[in-house]
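Student: I have a structure open and want to go through some of its contacts and one of its helices. Can you take me through them?

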Amino acid sequence: MKAVLKQIPKLELHCHLDGSVSVDYLKRQSEKQQVRIDINKVTVDQNCQSLAEYLQSFDEILKVMQTQESLIEAVIDVARQSHEDGVKYIEVRFAPAFHQSLGLETIEILDAVCEGAQQAEAQFDLDVRLLVCGMKHHSMATNQAIFDHLGANASITKYIVGVDLAGDEASSPTEAHEALIQYAKSKNLNITLHAGECGCVKNVYDAIQYGARRIGHGVAIFQDEQALSWVKEHDVLLEFCPNSNLQTKAIDTLATLDLPKLMEQEVAFLINTDNRTVTQTTLMDEYALLLEHRLLNMADIQKINYDAIDYSFACQATKDKLKRYFEEN
């Protein structure tokens with residue numbers, strides 16, 4: 001089954017850089033930088049009790065992601081893993097504010113991840129683009145300052161294609177960030193927002209109302225038929241991450257993800273890993289799980305990946321190239 005799965009060209013639109021760097025990368029960086037990390041703390045399993053607990057893993061990982069070299073290598077590492085899953089286009093998101101403990105400036109961080117994307121594209125057969133995450137628990141001024149750097153040079157303009165707001169949704173609802181989201185819109189930035197991961201469907205409504213073109217997770221919509229209609233009416237794509245959603249208790253069981261219903265109603269969605277290493281998953285694992293539980297079939301997987309091209313934040317030329325490839329393979 002996985003051999004067939006790998007041959008299906010795929011996109012991934014919800015993948016966090018820090019949560020997806022491999023254990024090999026972490027061990028290599030730990031040794032190279034002489035920074036001790038506890039590998040036992042960088043993953044969670046189904047015994048995880050909440051999103052807040054899940055997020056604790058990142059404190060350990062980030063210890064070795066504070067130099068330009070480590071950030072370049074991180075992007076290459078995640079791209080390699082994606083390539084092994086048959087991914088042809090990926091948007092990797094990261095929060096610049098989390099990579100400044102050794103004094104890196106925002107522009108240095110942005111330049112490093114863009115250099116990583118360029119090198120990854122030279123090594124692997126996929127397009128790599130990046131999303132900048134503002135953090136919900138940071139000030140509006142801090143997040144605005146990061147967004148202000150996104151047109152700084154040609155490399156940043158090419159590789160960084162959108163923004164996100166991430167963090168503990170339960171303590172920081174979408175409506176608290178309306179002004180920042182409107183600021184991003186005023187700068188013509190593509191917007192995807194974490195919303196509806198912690199059971200609050202209002203956050204999904206607000207995210208779409210404020211201008212998000214995609215919703216990160218969004219599983220709360222299964223509680224509310226009107227929310228589902230709202231998503232479809234506004235032609236917004238839902239970025240599902242099944243294993244992660246189970247671990248953070250965003251969903252109680254896999255059956256909560258009524259994907260056949262979404263296929264029937266033509267609601268746009270895509271399957272993603274979220275955090276490959278923290279969750280201990282791959283994109284192949286995610287699709288295999290859904291196939292096993294008969295929530296998708298092979299034809300569905302082909303369709304949702306092809307359709308997701310239009311919801312990516314790639315330029316039109318890249319979208320056209322991807323569509324040609326998908327149609328021929």
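Tutor: This is a predicted model. Glu225 and Lys261 form a salt bridge in it, with 2.1 Å between the closest N and O atoms.

Student: Which parts does the pair Glu225 and Lys261 tie together?

Tutor: Glu225 is in helix α12 (residues 225-233) and Lys261 is in helix α14 (residues 259-265), so the salt bridge links parts 36 residues apart in sequence.

Student: How accessible is Glu225? And what about Lys261?

Tutor: Glu225 has 45% relative accessibility and counts as partly exposed. Lys261 is partly exposed too, with a relative accessible area of 23%.

Student: Which residues do salt bridges with shared partners join into one network?

Tutor: Glu91, Arg93, Asp164, Arg214 and Glu239.

Student: How many salt bridges does a search of the whole structure find?

Tutor: The search finds 20. One of them is between Asp125 and Lys88, where the closest N and O atoms are 3.0 Å apart.

Student: Where do Asp125 and Lys88 lie?

Tutor: Asp125 is in the loop between α7 (106-123) and β3 (127-135), and Lys88 is in strand β2 (residues 87-94). The two are 37 residues apart in sequence, so here too the pair ties separate parts together.

Student: Is Lys88 buried or exposed? Same question for Asp125.

Tutor: Lys88 counts as buried, at 14% relative accessibility, because the cut-off for buried is under 20%. Asp125 is partly exposed, at 48%.

Student: What does Arg129 form a salt bridge with?

Tutor: Its partner is Glu121, and the closest N and O atoms are 2.7 Å apart. Arg129 is buried, with 7% relative accessibility.

Student: Switching to helices. How many residues does α6 have, and how far does it reach?

Tutor: Helix α6 covers residues 68-84, which is 17 residues. From first C-alpha to last it reaches 25 Å, close to the 24 Å expected at 1.5 Å a residue.

Student: How many residues of α6 are buried?

Tutor: 12 of the 17, so α6 is largely enclosed by the rest of the structure.

Student: Which ones are they?

Tutor: Ser70, Leu71, Ile72, Glu73, Ala74, Val75, Ile76, Asp77, Val78, Ala79, Gln81 and Ser82. The list includes the charged residues Glu73 and Asp77.

Student: What phi does Gly86 take, just after α6?

Tutor: A positive one, of about 80 degrees.

Definitions and conventions: Residues numbered from 1 in each chain as written. Predicted model: local features only at pLDDT ≥ 70, side-chain atom pairs only at ≥ 80, totals over all residues. Heavy atoms only, no water. Helix = DSSP H or I, 4+ residues; strand = E, 2+ residues; numbered from the N terminus. Expected span 1.5 Å × (residues − 1). Buried < 20%, exposed > 50% of the residue type's maximum accessible area, 1.4 Å probe, protein only. Salt bridge = Lys/Arg side-chain N within 4 Å of Asp/Glu carboxyl O.
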